[in-house]
Amino acid sequence: MTPFTNVAITTVPFGRTLPGNPGLGAASAAEAAHWQQQLAVAQGGVPHRTASVSAFGQKATGTYTRPRVSLDRSGPSAIDRYTWVLAAGNRLWVIRAEKDHRYANASTFAHDLVISSPDPDAPTTMSSTLSTTFSTAAHPAAHASAHTTARTSAHTTTHTAAPETANAGVPGIGSTPSWWSGDCDANHAPGEKMQNSWEGLESCGNFSGGRSHGTEYTTYFGGSSAPVEEFQCVELATRYAYQAWGVPPQLVGHGYNFANAYDGLTDRASGRKLVMYGHGKPYTAAELPQVGDVISSGDVSAYNGDGHVGIVVSAAYDSSHSATLKVMDENFNPGGSNTIVVSNGVVHPFPHMVGVSWLHDPAGGTPPPSTAPSLTVHGISNGQALTGPVTLTASVDNNTADGKENLSHEHYYIDGTVIAGTDGAGEGSLGGPPSGSTSPGYAWTLDPVKHTGSSAEVASWTVPANLLTPGVTHQIWADGTNGAGETGTSAKIGFTVPSGPEPSVLTYTGARTADYHDAFTASAGLTGGGKPITGATVSFALGDGGPGRTCSATTDANGSANCRLTPGQAAGPTTLTARYAGDDRTLPSHATTAFTITREETALTYTGPNHLADGGPATLSGVLREDGAEPVAGRPVTIVVGSGAAQQSCAGTTDGSGTVSCTVPTLNQPLNDTATLPVTATFAGDPFYRASTGPATARLEYFTGRAFGLSAQVNALLLSLNVPPTPDTGAIRTAQPSRTTTPCTATVHTLLINAAALCADGSTTWKPGTVTTTASLQQTTIGLPGLPLIGLSGVTSTSVSTCTGSHGGATMKLTVAGVPVTVPTAPNSVIKLAGGAELIINEQVPAPGADHGLTVNAVHLVALGGLADVVVASSTSGAHNCA
């Protein structure tokens with residue numbers, strides 16, 4: 001698509017008005033300047049001074065605006081509109097050039113417009129030419145001649161002719177001085193380089209060796225007899241006045257006198273006289289320095305040395321009329337920039353000077369604001385000696401809408417060679433967010449020692465060694481292209497790469513894996529020039545460092561250093577970095593290697609009771625240690641008692657000693673054949689420690705017992721009797737609360753023994769665990785050969801056992817041969833009978849196999865030499881696994 005451009009010329013005879021603009025008044029030579037200003041305002045945008053045209057042998061300075069108009073169906077677009085109004089012949093000539101703002105370069109468009117005629121009054125002899133260059137981000141540069149049209153109240157004709165050379169006049173602020181040979185006249189003034197630029201105007205200087213050389217060459221330009229020294233501060237101000245205002249060089253001498261020397265001189269482009277403010281005179285807020293003014297300090301009345309002078313390139317005042325003015329200058333600072341402070345409407349001088357005055361062109365004189373991005377490179381300063389890596393970024397500093405756009409393309413140069421960029425073959429790729437107005441972007445790192453560049457996008461690329469030659473001043477700068485396809489360039493920054501320390505090489509040689517919390521040896525070898533470096537400090541850091549994860553050591557005769565580190569991070573991959581800081585002989589170096597941390601081994605031991613009792617709380621405990629020695633604190637442990645569906649568990653957290661304790665509120669476990677319970681403590685592991693278990697076996701407290709009413713065994717000659725235990729509870733064995741349900745026996749009738757109402761019972765309870773057995777019968781008679789008849793009634797026996805002890809007793813009434821006998825109360829009391837028989841009353845015998853147990857027989861008859869054994873009302877109880 002061809003970019004929009006247009007050149008229109010309208011002529012209005014004197015005494016006539018411009019159609020559609022009755023407020024302008026009738027055309028006359030005196031109205032030219034007024035028409036031009038009013039047309040610029042009416043056409044939209046903020047008017048600025050712009051380039052001149054050559055028309056009928058005279059130079060006319062135009063007005064520039066940027067209105068928005070509809071060029072197509074996409075809606076309004078910004079266009080650059082240039083307007084000139086001049087008088088020639090007997091009419092006013094209104095000349096307008098327009099172009100799509102997105103495509104052409106504002107600093108060159110319409111600068112070569114030439115209009116000529118031998119007779120301006122003749123309607124058919126006017127011709128115009130225009131040549132411009134378009135550039136966009138999407139299309140290569142193309143040259144095009146703009147079509148011109150003419151509209152007059154009489155008949156006119158236009159035609160296109162070959163480009164002509166502009167008539168002599170004001171050279172233009174951004175044009176290269178014709179008297180220069182080389183950039184900054186370097187062929188005349190050796191060592192001079194561009195330090196700064198504004199609107200194409202360059203600030204030059206030579207700051208080698210840490211000082212300024214401001215008198216390299218004396219020049220005479222513009223046909224003047226006034227000498228100007230390159231590059232003193234006065235040179236820049238004189239060149240600006242000559243190129244921007246067409247004022248020939250004046251004999252100024254010193255910076256402090258510049259404004260005074262030029263006060264009242266005429267701007268050849270506008271015909272207006274320059275005005276000086278300050279200089280000890282009162283001034284108003286409206287007269288404060290503006291962009292394009294020339295400002296000087298070291299006022300002539302103060303005789304403050306040579307003083308200083310510069311050009312205001314930025315002036316942004318707040319509501320209190322305060323601002324920090326940016327000033328471009330020469331022979332003051334490396335970088336060609338300075339500041340002037342304005343506080344509450346009071347203008348202060350340059351730093352360390354007194355007095356201030358400034359020169360203002362009432363016609364404006366400031367060129368239209370450039371929409372190309374203005375870049376500043378960060379991370380390096382002018383004159384810096386690079387001894388190590390520097391990280392570079394760029395920011396967009398101008399405040400135009402286009403300038404605020406993020407850059408779509410960006411490149412860095414050293415001595416004119418591209419070394420980094422967002423695109424381009426063989427260039428390192430920049431990383432991070434794009435450069436914009438809010439913060440620097442597109443970061444990368446230049447290593448002048450390794451001759452490499454690196455970024456988040458590309459790990460490393462090579463920078464040619466000739467661009468980083470030690471002892472030579474190099475220049476680095478950046479350019480960037482915004483979304484409108486306009487490219488701007490930063491100031492060139494001088495730097496050196498000093499010759500000095502040689503590179504060092506650090507190689508990691510130590511362990512590459514270790515358990516968490518287990519110390520290991522980190523080691524590295526340090527060499528320089530292929531030889532060991534001895535007596536140097538090498539530091540080691542595991543991951544990002546931290547307590548126990550950093551150490552340092554001194555290299556030995558072999559260049560080796562080693563020290564101990566203890567991983568404190570969770571298991572997994574990390575890095576180990578060895579660093580050498582360098583010294584005056586060798587450069588710093590480092591080595592980073594992959595390192596793996598594994599989980600530490602643990603050992604868990606059950607330390608709780610090995611005796612447990614149902615029916616009450618069970619407090620369980622364990623100890624967790626790493627490598628079986630050091631306690632592990634703050635880890636969850638679960639302890640399980642029992643197995644299968646009957647499992648019970650509790651959980652707790654290890655304390656500083658690695659101990660964990662928890663309680664099962666009410667233990668309720670079944671009794672097995674061995675009266676034991678499995679107990680298992682479990683640590684499931686975490687990112688730092690491996691899992692472990694602590695198995696153990698605990699004994700379960702349980703109870704036994706038996707009770708019966710009567711048993712008899714007689715094995716005499718010709719006489720035999722066998723009465724099994726009747727009634728009999730049978731063996732009792734349990735850890736749970738229980739009670740037997742043995743029915744009573746009404747009677748027992750034998751030849752020798754008769755009994756009535758016999759009963760036996762057993763029960764167990766919790767809290768505390770207790771087993772109780774009882775036996776009773778209402779009455780019985782025992783008649784054995786050779787013995788008196790024994791009669792018993794109201795017989796009972798009781799046996800009770802817990803884990804703290806056993807007790808029991810018996811009660812009865814006794815008759816022997818029908819005669820009542822006093823029943824002794826002491827356990828194991830013996831009543832002697834005929835034939836050596838014995839009647840043992842309240843017989844008490846420990847229960848075998850029990851921790852605490854007792855058998856109580858109310859009556860035990862032993863007769864016939866042991867051939868007869870009768871037990872009446874027997875009760876047995878026992879408690880087991882009590883401890």
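This passage describes an open sheet with its adjoining helix, and selected salt bridges, in a predicted model. Local features require pLDDT of at least 70 and side-chain atom pairs count only at pLDDT 80 or more, whereas totals for chains, interfaces and linings use all residues. Residues are numbered from 1 along each chain as its sequence is written, and side-chain values use heavy atoms, with hydrogens and water left out.

An open sheet is formed by 7 strands (DSSP E runs of at least two residues, numbered from the N terminus), with antiparallel pairing (at least two DSSP bridges between two strands) in the order β16-β22-β17-β18-β19-β20-β21. Strands β16 (275–278) and β21 (346–347) form the edges, each pairing on one side only. Strand β20 (residues 337–343) is joined to β21 by 2 bridges, and Val-342 has Val-347 of β21 as its bridge partner. Helix α2 (residues 233–245; helices are DSSP H or I runs of at least four residues) lies across β17, β18, β19 and β22.

The whole structure contains 8 salt bridges, defined by a side-chain nitrogen of Lys or Arg within 4 Å of a carboxyl oxygen of Asp or Glu. Within helix α2, Glu-235 and Arg-239 lie 4 residues apart and form one such bridge, with closest N and O atoms 2.7 Å apart. Glu-235 has a relative accessible area of 0% and is therefore buried (under 20%; exposed is over 50%, partly exposed in between, with a 1.4 Å probe and protein chains only). Arg-239, at 1%, is likewise buried.

Asp-728 and Arg-706 form a salt bridge at 2.4 Å. This pair links strand β54 (residues 719–728) to strand β53 (residues 702–716). Asp-728 is partly exposed at 26%, as is Arg-706 at 34%.

Definitions and conventions: Contact means heavy atoms within 4.5 Å. Axes are lines fitted to C-alpha atoms, for helices over the stretch in contact, and angles run from 0 to 180 degrees between N-to-C directions.
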